[in-house]
Amino acid sequence: YRVFGLRVDSALPCPELLPVAEDSVADIRIELSPLEACLPNATFSGPRVQSAPDTYQFQIPEIARYRIEHGARILVDPHPDAAEGDVRLWLLGTALGALLHQRGLLPLHVSATELNGAAIAFGGASGAGKSTLIAALHRRGLPLLTDDVGVAVPTDQGMRFYPGFPRIKLWRDALEHFGLDHRPLIPDLTRTDKYHLRVDSGFQAESLPLRRLYLLERSDEDAIRIEQLRGIEAIEQVRANTYRPGIVQRLGRSGPHLQACGRIAQQVEIYRLSRLWQLDRLDATVDRLLVHSEAASA
């Protein structure tokens with residue numbers, strides 16, 4: 001498989017990921033293996049999470065135990081009664097996120113689309129409407145890059161964005177707004193009435209320049225406001241929208257992580273987008289966003 005620009009060799013079938021036809025050396029190996037509850041030489045030990053230099057282990061009761069090693073291997077010890085989809089949910093979420101942090105990469109907790117040959121990402125707190133907005137943009141014909149996690153990588157030509165999975169997670173009311181039936185979809189394990197919508201066409205799998213990051217906020221005012229952020233505030237917002245930031249501290253990577261956030265704040269335009277969060281105002285938000293993006297790109 002391929003995800004975030006990395007090749008994955010997995011002992012577990014992962015239908016959420018894009019298959020790779022050609023043989024190549026894997027960047028990541030996913031293996032099934034019995035795992036002891038206690039991680040040897042742990043420098044941090046909690047009820048469900050343990051870490052040591054270059055190793056991170058966590059357990060989800062009645063689902064699986066996961067061990068991530070050296071940014072290159074994930075060992076999975078599933079519970080005998082766990083559903084395969086539930087095991088993959090944590091494998092392709094927290095476990096893969098920990099591996100990205102081990103590799104010194106910066107996974108962002110964002111949705112993203114392609115506009116004019118560049119990546120435009122959307123961050124914000126849980127419930128800010130990232131998935132609903134990205135679904136609306138996708139229905140306008142813009143390619144999907146991710147609806148959960150994407151990886152930002154600095155290069156000599158600027159910041160690159162590596163896409164995630166071809167999937168959008170939507171609440172039932174949003175599905176109804178788009179005229180979609182929730183019943184054939186896979187329900188989200190962690191949230192009632194949220195569903196996984198597979199994107200079979202219009203997915204951009206190749207990396208793109210990361211041009212802009214919009215941070216979504218709810219507003220009590222009907223006006224849609226877009227305000228550019230700079231300096232320390234921009235860096236803090238990038239750090240706040242890192243995927244699984246608690247893992248960074250447990251791996252002892254707080255310093256390099258802050259530096260990576262600073263590079264994004266320097267190379268990427270960062271905006272706060274405030275709007276009234278109602279589905280009947282979604283089209284107005286999309287219209288305003290597209291006008292702003294086109295003007296900023298001119």
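1. In this predicted model, strand β18, which covers residues 208-218, pairs in the parallel sense with strand β20, residues 269-275, and seven bridges join the two. One position to look up along this pairing is L216, whose bridge partner in β20 is L273.

2. Strand β18 also pairs with strand β11, residues 118-123, again in the parallel sense, here over five bridges. For a reader who wishes to locate this pairing in the structure, A119 stands opposite L210 in β18.

3. A further pairing of β18 is with strand β14, residues 158-162, and this one is antiparallel and rests on two bridges. The residue to find here is R160, which has P209 of β18 as its bridge partner. Both senses of pairing therefore have to be kept in mind when tracing β18, since strands of a sheet pair through backbone hydrogen bonds either in parallel or in antiparallel fashion.

4. From β14 the path can be followed to strand β13, residues 150-155, because β13 and β14 run antiparallel and are joined by five bridges. The two strands form a hairpin, with two residues between them, and within it V151 stands opposite Y162 of β14. Strand β13 pairs as well with strand β9, residues 106-108, in the antiparallel sense over three bridges, and in that pairing L106 stands opposite A152 of β13.

5. Another sheet deserves a separate look. Eight strands make up an open sheet of mixed pairing, and their order across it is β1-β2-β3-β8-β7-β6-β5-β4. Strands β1 (2-3) and β4 (44-45) stand at the edges, where each has a single partner strand, so that one side of each is left without a neighbour in the sheet.

6. Within this open sheet, strand β5, residues 49-52, and strand β6, residues 55-60, run antiparallel and are joined by four bridges, with Q50 standing opposite Q57 of β6. Helix α1, residues 84-102, packs on the sheet and touches β1, β2 (6-10), β3 (28-32), β6, β7 (64-69) and β8 (73-78). The direction of α1 makes about 20° with that of β7.

7. Which residues lie nearest the centre of the largest pocket? They are L89, R167, K169, D188 and H196, from a lining of 38 residues, and the space in this pocket comes to about 900 Å³. The elements that give two or more residues to the lining are α1, α2 (130-139), β15 (167-171), β16 (186-187) and β17 (194-198). Helix α1, which also packs on the open sheet, provides the largest share of the lining, namely eight residues.

8. As to the character of the lining of the largest pocket, its residues divide into 14 charged, 13 nonpolar and eleven polar.

9. Is R167, one of the residues nearest the centre of the pocket, buried or exposed? Its relative accessible area is 14%, which is under the 20% limit, and R167 therefore counts as buried. This residue is found in strand β15, and, leaving aside residues up to four places away in sequence, R167 touches L144, D147, D148, H196, L197 and V199. Among these contacts, H196 is itself one of the residues that lie nearest the centre of the largest pocket.

Terms used. Residues numbered from 1 in each chain as written. Predicted model: local features only at pLDDT ≥ 70, side-chain atom pairs only at ≥ 80, totals over all residues. Heavy atoms only, no water. Contact = heavy atoms within 4.5 Å. Axes fitted to C-alpha atoms, helices over the stretch in contact; angles between N-to-C directions. 1 Å grid on protein atoms, 1.4 Å probe; cavity = no way out; pocket = protein on both sides within 12 Å on 5 of 7 lines; lining within 4 Å. Points joined across faces, edges and corners; volume = space filled by probe spheres on them. Nonpolar A, V, L, I, M, F, W, Y, C, P; charged D, E, K, R; others polar. Buried < 20%, exposed > 50% of the residue type's maximum accessible area, 1.4 Å probe, protein only.
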